[in-house]
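Here is a friendly walk through a structure with its sequence alongside. Please have both in view while you read.

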There are 2 protein chains.
Amino acid sequence: MRIALLGGTGDIGEGLALRWAYDTDHEVIVGSRDPEKARAKAEEYETELDSRGVDRKVTGFTNEMAADRADVVVLAVPAYHLVDTIESVADKLDDCILVTPAVGMKRDDDGFHYNRPKAGSVAALAAGAAPDGIPVVGAFHNLAAGKLANLDATFEWDTFVFGDDADAKSIVVTLAGEIEGLRALDVGGIANAAEVEALTPLLINVAANNDGLHDLGIHIE
Amino acid sequence: MRIALLGGTGDIGEGLALRWAYDTDHEVIVGSRDPEKARAKAEEYETELDSRGVDRKVTGFTNEMAADRADVVVLAVPAYHLVDTIESVADKLDDCILVTPAVGMKRDDDGFHYNRPKAGSVAALAAGAAPDGIPVVGAFHNLAAGKLANLDATFEWDTFVFGDDADAKSIVVTLAGEIEGLRALDVGGIANAAEVEALTPLLINVAANNDGLHDLGIHIE
């Protein structure tokens, strides 16, 4: 499968790119608004994989060209760039799945809070912006990006996957579960997105208030 | 310490009563609107503990009398009874801590959702209803009640504790951590309550959509 990570040069995009390239045979495509940056990061990921004895081709393109080449397009961009990123690649999204890990947060003196969009969730915003017939699936919201991107690090985390298209959701559940240490849990449709997205500020508040806890993920048991 | 569980005859109240009586030396007081029911349940808990070789006195009273006898009052009642329960015991709450594990939920065809009160959270509602000077602490929201009440069951769960009174919060963190298998994580003030309360519908949606997962709790790592 060909997976494009739009905004794949940093944060959660970097971690997912490295893990899929390291743990699976899927083709990994890094997207960025700046194609030079995308190519440089793709090379950096190749070098990192090579240093671990994994000879993988990772390519870098503009977001548009990356989306054009992919079966699954992960929108690894901040929530406030989600809609414009979808719009910028909309006419390249033919027969593919959009995946959103984005979370809207606000911060005040008390800590981080979920900033729920009027649409009901960030995923609902994405679904509203997606071209007709292109399914949107939510996943990978609650993973510590730094730990995910460090291939020396191991974890036993769950990721919550939701979407209104059962086939698309099933593909993302499979892709998520192929990352070592990650378990994908189906939580229903996009109507159930807000509770998943709200978890990320909670994890940040846990890290802020408890010594020795950082780079956190969740495990349900 | 004397702990009263208002609504301690069922659900999360039963689990907390049994666990504190089994794992600690704190005095456990069961409260109910119906004193007969409270006494019957207290006896039932004593019998259960006795069958495991633990000789503990558990008492049962009206909510009012239970609150009057306690240092820590846990409001183990549904969210829609939280405010009237606080009001019914308000003049007995002298120099004690109120603890709320309540979560507001609504259900539709998609699953369970967090039903956020206009006050911002269920805990904020409780804080608004509490008498002046009586601190409110949130804890024990995300524990599977059935498993908690089954003393044969073991778990490794986290509970998120929040409150605006640091001393009160610290006491609840300690009480929670004394339950075997439970780790208390401080998540700041009541302003951070909504993200904790929203976790419970997510756990229910996980159980509804994934075979073999039920009686769920959370572990952060």
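The report below goes from the overall fold to single elements and then to the contact between the chains.

## Overall shape of chain A

Please keep in mind from the start that this is a predicted model. Chain A is built from nine helices and eleven strands. With a radius of gyration of 16 Å, close to the 17 Å that the globule rule gives for 221 residues, chain A is as compact as a globular protein of that length. Its C-alpha trace spans about 45 × 40 × 30 Å along the principal axes.

How much of chain A counts as buried? The share is 55% of its 221 residues. Many contacts also bridge long stretches of sequence: among the contacts in chain A with a separation of 6 or more, 72% come from residues 24 or more positions apart.

## Strand β1 and its two neighbours in chain B

Let us turn to chain B and begin close to its N terminus. Strand β1(B), residues 2-6, is mostly covered, with four of its five residues buried. One pairing partner is strand β2(B), residues 27-32, which runs parallel to β1(B) over five bridges. Looking at a single bridge of this pair, B:R2 has B:E27 in β2(B) as its partner. Helix α1(B), residues 11-23, belongs to this arrangement too: β1(B), α1(B) and β2(B) together form a right-handed β-α-β unit.

β1(B) also pairs with β4(B), again in the parallel sense, and four bridges join these two strands. Here B:L6 is found opposite B:L75 of β4(B).

## A covered helix, α5 of chain B

Is helix α5(B) mostly covered or mostly uncovered? This helix, residues 122-129, is mostly covered, since six of its eight residues are buried. The buried ones are B:V122, B:A123, B:A124, B:L125, B:A126 and B:A127.

Several elements of chain B share in covering these buried residues. Among the strands are β4 (72-75), β5 (97-100) and β8 (136-138). Among the helices are α4 (82-89) and α8 (193-197). You have already met β4(B) as a parallel partner of β1(B).

## Where the chains meet

Which residues bring the two chains together? On one side are 29 residues of chain B, in contact with 29 residues of chain A. The elements that give two or more residues to the chain B side are β7 (111-114), β10 (182-186), α8, α9 (199-209) and β11 (218-220). α9(B) gives the most, with seven residues. By type, this side of chain B divides into 15 nonpolar, nine polar and five charged residues.

Strands meet across the interface as well. Strand β11(A), residues 218-220, and β11(B) run antiparallel and are joined by three bridges. In this pair, A:H219 has B:H219 as its bridge partner.

## Symmetry of the two copies

How are the copies related? A turn of 180° with a shift of 0.0 Å along the axis lays chain B on chain A with an RMSD of 0.0 Å. The two copies are therefore related as by a two-fold rotation axis. In chain B, the C-alpha nearest that axis belongs to B:H219, 2.5 Å away from it. The same surface serves both copies, as 100% of the contact residues of chain B recur in chain A.

Conventions. Residues numbered from 1 in each chain as written. Chains lettered and ligands numbered in written order. Predicted model: local features only at pLDDT ≥ 70, side-chain atom pairs only at ≥ 80, totals over all residues. Buried ≥ 20, exposed ≤ 12 C-beta atoms within 10 Å, placed from the backbone. Contact = placed C-beta atoms within 7 Å. Pairing = 2+ DSSP bridges. Right-handed = clockwise from strand over helix to strand, strands pointing away. Nonpolar A, V, L, I, M, F, W, Y, C, P; charged D, E, K, R; others polar. Least-squares fit on C-alpha atoms with pLDDT ≥ 70 in both. Rg over C-alpha atoms; globule rule 2.2 N^0.38 Å.
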